[in-house]
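Thank you all for making the time this morning. I would like to walk through one model with you, going from strand pairing to the chain contact and then to a few individual side chains.

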Amino acid sequence: MLPTLMGRIQTRIFVIAVIGGLWALVIGPVLPGGGTTSDKYKAMYGVLLIVGVVGIAWEVIYHALMQFRWEKDWPTLFGLVLGVPEGVVAYLVARSGVLSSTEHISVGAFVVGFGTTWLVTWLWVNGPMRIFTVHWRFRGGRLI
Amino acid sequence: MGGRETIRMPGAVASAPDTSSSAGDLTPELIAADQWTDAMVAAAGIPVVEVPFVSVGGGIGSFVTTDYLRIAGVPKEAMRVLGNNETPWSTYEYLTRNSQIPRTERLRSDSASTPDCIWGFPSYAVREALAAKGLKAKLAPLWNVGTEPIFADYYTPKAGQAFATMEKEADRIGYFDYFDKGLVRMVRKRQGGGYFTILTPPDGTSATKRVAYKSRWVHIAVGYPGLKFLDDLQTYRQQYNDYTHVVNAYEPHEGVYEELLRKPGVVVLRGGGIVASRILQRLIDDRDHKGAQTQIHHVFRTYITGAHGPSIFMRRKGGDGWAYQGFNYPKSVWGGQLKSRMRRLEGEERAKLYKTIGGTNTPVRRLWQDQLARGRKEGWYRTHTGEVDSVVPAEAGGTVTRIKTKDGLLELQASYIIDGTGLEADIAEHRLLADLLEHSGAGRNPIGRLDVERTFEVRGTQNGDGRVYASGTATLGGYFPGVDTFLGLQIAAQEIGDDLARQGFGKRIGPLRSTAQWLRWARGKKI
Ligand SMILES: Cc1cc2nc3c(=O)[nH]c(=O)nc-3n(C[C@H](O)[C@H](O)[C@H](O)COP(=O)(O)OP(=O)(O)OC[C@H]3O[C@@H](n4cnc5c(N)ncnc54)[C@H](O)[C@@H]3O)c2cc1C
């Protein structure tokens, strides 16, 4: 998929909400560190919210960077590797206290929760997403 | 036009006379009239087949378009594909084989350009990995596609994989049940709506010389109108009646390589695109593995020394003469930013963007880079830049190419000249397209080819509730530039399919249908 700015943002929101949301159901209870299952779910969904919202700013930056590429493409590998800076920023935001549910998340829980979500959504976008829509990949990632 | 000025694609012939006297032939009245009545066709004794949708060409364009429609729920009985080749990939395989891509070599397009699968999932790389034996062989294509184009060249599938998978899909959708063989002569408007498409079936397969297909929709995907020779090479061939020492990369020329193995020789290669790259690979592979001692002179008309383009946002890589690019257009024309930008441009502005992103180019491939670097170092690969002035026979046999370079006239002696420029002929050289321009209201776009809407409807050809669509290279210059590729043909198929669905023919492929149909596809279930 070769993204446009609108496509990036729509895909980000859809994938974080739906695929990330489903994945959180699975991974939430087994996050390392203490706390009740309910706390863990709250922290996990809090992180997703952060990745979704802050992600919109990231997408604008990626779009700007992409302008320096002749092909206006976004190699698959970028999508994976950018999880590192995004993860660092999301962690800092999570610990900053904007959301009480994520304020006390441990590094371990964040790494497992965010890391696996990033991997799952990256794999999803680069593969099975295409099963459900034949239009998405030709429309720069736009869903509507 | 003289018979050998272009390499004729089989269906294009503009000069075959309509002189057969057998029954059911075109009458002068029909040939002259822009619109035909049912009575006129009946009076000529031409039998009529009624079917809602006809696709002309029977190549990869017809295949992917009807594949899309079948998946959109159109029954076999509602469609006919008319083409003069046995299979959808016959012409493509002929051209790729000549230009040195046998089934075992890799194509140019990417992993998700899968003409057998409208979803592009699983991609060719994933399928290659699944079929491979051993962990290393399984990981190689995945690593390649996952790290392209940063740490690896673009993954591209083997030609054989594309053919084998298309064959399987053709069987699954019952393609050959709705395929009729023959040469299509023309498409004309029918009085009252829709069109007549005139097919000339192969000799002896039909009681009449022509058969008319009466349909509401016509889709035209006839591929290349013809491939042009460089003028100076054409002049040489005709003047000296020498068709062995000067060849085009798209015509069979295996003899050249065989002769070069028998006797050391010099080759002049013309062109700076992927075909030139392939010819070089073949010549150098033969040096490396079969003991050939070929000396290569590569003539560029424009020599590209480095990155080039109008601004830092639009700079294409280049070097050693070549412009480098993975595919024939920048990748985002098939779905991203450039696709959406071109879609909004008209006339001059569109032509300008085509110019910026177009031009001859070739992918960077490590093997090719290594081979040429070695050739430069060892002195058997040399490049020259300039305009060719003339080509004449050499006294001692072979050819002399005279090139106007910036340092004056240069003469290159060579046993063979291979033209790898692949210039495409004008659309009017194709008889069917010429007829469409002349009689059915079709026009030309800002770069001179067939003018189509964003839906790939041919502008000016509407007739009542009837529509004509076109896809493939004839439509280059429209709102979508990637037309002459597998993926581009599928993008066109989607536009056409969606437009037809709006007119009630087939269904739009929404998420439910998409998922259900993908599951059928994955299990190889016939539709
Ligand atoms: C050497 C080469 C390599 C290429 N490599 C790639 C690649 O790696 N990836 C990629 O995506 N694209 C590639 N392409 C471009 C493109 O995808 C193919 O050329 C593809 O075959 C185009 O499909 P088409 O349907 O437009 O034309 P074709 O597949 O050529 O089909 C048109 C058919 O129409 C028939 N026809 C024409 N006139 C008539 C008539 N009057 N009556 C009946 N039948 C008629 C022709 O005989 C032909 O069989 C390549 C092209 C070439 C030349």
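Let me begin with a question: in β25(B), which residue is the bridge partner of B:Val218? Please keep in mind, while you look for it, that what you see is a predicted model. The partner is B:Val468, and the pairing to which the two belong is that of strand β10 of chain B, residues 217-220, with β25(B), where 4 bridges hold the strands in a parallel arrangement. Strand β25 itself covers residues 467-470 of chain B, and its side chains alternate, with B:Arg467 and B:Tyr469 pointing one way and B:Val468 and B:Ala470 the other, although all of them are buried.

From B:Ala470 we can step to helix α3 of chain B, residues 60-71, which holds B:Gly61. These two residues are 409 residues apart in sequence, yet their C-alpha atoms are 9.1 Å apart in space. B:Gly61 counts as buried because its relative accessibility is 8%, and, if we set aside residues up to four places away in sequence, B:Gly61 touches B:His219, B:Ala221 and B:Leu489.

A second strand pairing in chain B runs the other way. Strand β20, residues 387-393, and strand β21, residues 399-405, are antiparallel and are joined by 6 bridges, and within this pairing B:Ser390 stands opposite B:Arg402. The hairpin that they form has 5 residues between the strands, and B:Gly397 in that hairpin takes a positive phi near 95 degrees.

I turn now to the contact between the two chains. Chain A contributes 28 residues and chain B contributes 46 residues, and together the chains bury about 3,000 Å², of which 59% is on carbon and sulfur atoms. How many salt bridges are counted between chain A and chain B? The count is 0, whereas 14 residue pairs are found in polar contact across this interface, with both residues at pLDDT 80 or more. On the side of chain A that touches chain B, the elements giving two or more residues are α2 (37-66), α3 (76-81) and α6 (129-132) of chain A, and by class that side has 13 nonpolar, 8 polar and 7 charged residues.

Salt bridges do appear elsewhere, and a search of the whole structure finds 39 of them over all chains. In chain A, one of them joins A:Glu59 to A:Arg8, with the closest N and O atoms 3.0 Å apart. Since A:Glu59 lies in helix α2 of chain A and A:Arg8 in helix α1, residues 5-27, the pair ties together parts that are 51 residues apart in sequence. Both A:Glu59 and A:Arg8 are buried.

In chain B, the side chains of B:Arg343 and B:Glu495 meet in a salt bridge at 3.2 Å, N to O. Here B:Arg343 sits in the loop between α11 (337-342) and α12 (347-357) of chain B, while B:Glu495 belongs to helix α15, residues 486-502, so the pair ties together parts that are 152 residues apart in sequence. The two partners differ in burial, since B:Arg343 counts as partly exposed at 29% relative accessibility, whereas B:Glu495, with a relative accessible area of 16%, is buried.

Finally, I would like to look at two buried polar or charged side chains of chain B. Is B:Lys214, in strand β9 (residues 211-215) of chain B, buried or exposed? B:Lys214 is buried, because its relative accessible area is 18% and the cut-off for buried is under 20%. Its side chain makes a polar contact of 3.3 Å with the side chain of B:Asp38, and, beyond neighbours within four places in sequence, the residues in contact with B:Lys214 include B:Val49, B:Glu50, B:Arg190 and B:Tyr195.

The other is B:Asn98, which lies in helix α4 of chain B, residues 90-98, and which counts as buried because its relative accessibility is 8%. A polar atom of the B:Asn98 side chain lies 2.8 Å from the backbone oxygen of B:Tyr250. Leaving aside neighbours within four places in sequence, B:Asn98 is in contact with B:Ala249, B:Tyr250, B:Glu251, B:Pro252 and B:His253.

Methods
Residues numbered from 1 in each chain as written. Chains lettered and ligands numbered in written order. Predicted model: local features only at pLDDT ≥ 70, side-chain atom pairs only at ≥ 80, totals over all residues. Heavy atoms only, no water. Pairing = 2+ DSSP bridges. Contact = heavy atoms within 4.5 Å. Buried area = accessible area lost by both parts, 1.4 Å probe. Salt bridge = Lys/Arg side-chain N within 4 Å of Asp/Glu carboxyl O. Polar contact = N/O pair within 3.5 Å; in protein donor to acceptor, adjacent residues only side chain to side chain. Nonpolar A, V, L, I, M, F, W, Y, C, P; charged D, E, K, R; others polar. Buried < 20%, exposed > 50% of the residue type's maximum accessible area, 1.4 Å probe, protein only.
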